[in-house]
Amino acid sequence: MSVSHMYSAYKMCEIPWIDEIPTHWNIVRGKNILQLLERPVLDDDEIITCFRDGEVTLRKNRREEGFTVSLKEIGYQGVEPGDLVVHGMDGFAGAIGVSDSRGKASPVLIVMDSNENKRFLMYYLRALAYRDVFMSLSTGIRVRSCDLRWNKLSNLPFCLPPIIEQNRIATYLDSRITKIDKLIKETETSIEEYQLLKAATVCQAVTKGMGDDVTTKDSGVEFIGRIPANWNMVPMKRIFDFSNGSAIKVGPFGSALSGADIVEEGVWVYNQRTVLDQNFETNTTFVTEEKANALSGFEVLPGDILITTRGSIGKIAIVPEGAPKGVLHPCVIRFRTDKRYINDELLKMLFNESNFMLEQMLQKSNSTTIDVLYSYNLKELLIPVIPEEERKRITEFLVRRCKELNTIILMKQELISDLKAYKRSLVYETVTGKRKVV
């Protein structure tokens, strides 16, 4: 089974996201081909979930954690294998599929039957999700969500080929998408392996050095083991730069800003997104000049090291020369280090390119719901103090090696992006008759 370029003849249609369809295809409303189901729940039914990748299956088949648990299962409905399911809030992201299991689902899932090929209908609806059709129809206020309901699906126009053609298209897409998804998964696994290699390379260099015949000593830290005899492992507080006042603010977070202080333009607020994106050119969070002046002890200056303290903890960014005037967000801590003991490039690789510091942070995090890095924990994190010449050689090697590995990772990430874009294009063009399956 293959795809030719086009059908022999087309006709115009009034669906704005399609424009034209093959002359022998029809336009029908959802209510004419879909039947809304309200199956009863059985005593032994388990929870069915519709995931954003389109899989509709028992929740336990994917994972047990990270779900909102309903104390009362009000409005729950039965789901059978083969039912067409659309997630009422996440359908915009592709949470549309055909169930592979018997179970029960919350009323946010729209469960339907049809005499048409349900996998073809599934791909058609996903194509609309990929084109942001559902978002354009949304009247809800929830960010990055939609309010798909039966009344919208029942009035939605479907372009429909004959059933034999539906079957052929669905079979073709099943085969092609399985191959594409497999390649995406393999590439994602490869990226993980390169990330691990990068982390291991940094950890090896900053704990064992680069020589083969090195005299070592016990570091006194179990997870580090032995280190070169002329190195030391010291807590971060020993290498802070106190020459211009306190290197780190006392207390758990950077400043005492609240949501009410945030305005649409003004003085920058350096927040976690700034650090995670390493972005010092654009921003979306600001305070007034008056508020910034009131937070004069929390101003951000070129050369400051910013570190994230909640969720994605322990990522750092170094404020470059020429960065906009700004103040700290409550979830960011600012500090500087004494350059006699460590340089900024090596520090960035320790925090951002390896798990060396993160493992220590997670051990010290006392939160049960979200990882949090407090200033008193940051001060106690152990860091290698390496003689200057050796530190310079290690930094040069790691900068070069991490750049090589990051280039490979970026290429693989771009491949994944291209594969996902191709998959979406393939689905859309096939189910709307822009490509012909023969």
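**Exercise 1. Burial.** Find what share of the protein chain counts as buried.

*Solution.* Take the 438 residues of the protein chain; 46% count as buried. Buried means under 20% relative accessible area, with a 1.4 Å probe and protein chains only. The model is predicted: local features need pLDDT of at least 70, side-chain atom pairs count only at pLDDT 80 or more, and totals for chains, interfaces and linings use all residues. Residues are numbered from 1 along each chain as its sequence is written, and side-chain values use heavy atoms, leaving out hydrogens and water.

**Exercise 2. Overall form.** Decide whether the protein chain is a compact globule or more spread out.

*Solution.* Start with secondary structure: eleven helices and 25 strands. These are DSSP runs, H or I of at least four residues for helices and E of at least two for strands, numbered from the N terminus. Next, compare radii. The radius of gyration is 28 Å, well over the 22 Å from the globule rule for 438 residues, so the protein chain is more spread out than a compact globule. The radius is taken over C-alpha atoms, and the rule is 2.2 Å times the number of residues to the power 0.38. Finally, the box: C-alpha atoms fill roughly 80 × 55 × 50 Å along the principal axes.

**Exercise 3. Cores.** Locate the largest nonpolar core and its main contributor.

*Solution.* A nonpolar core joins buried Ala, Val, Leu, Ile, Met, Phe, Trp, Tyr and Cys residues through side-chain atoms within 4.5 Å. The largest has 50 residues; Tyr 124, Leu 125, Phe 134 and Leu 173 touch the most other members. Elements supplying at least two residues each include α3 (133-137) and α5 (163-208). α2 gives the most, with ten residues. Another core, of 38 residues, lies apart from it and includes Met 236 and Leu 347.
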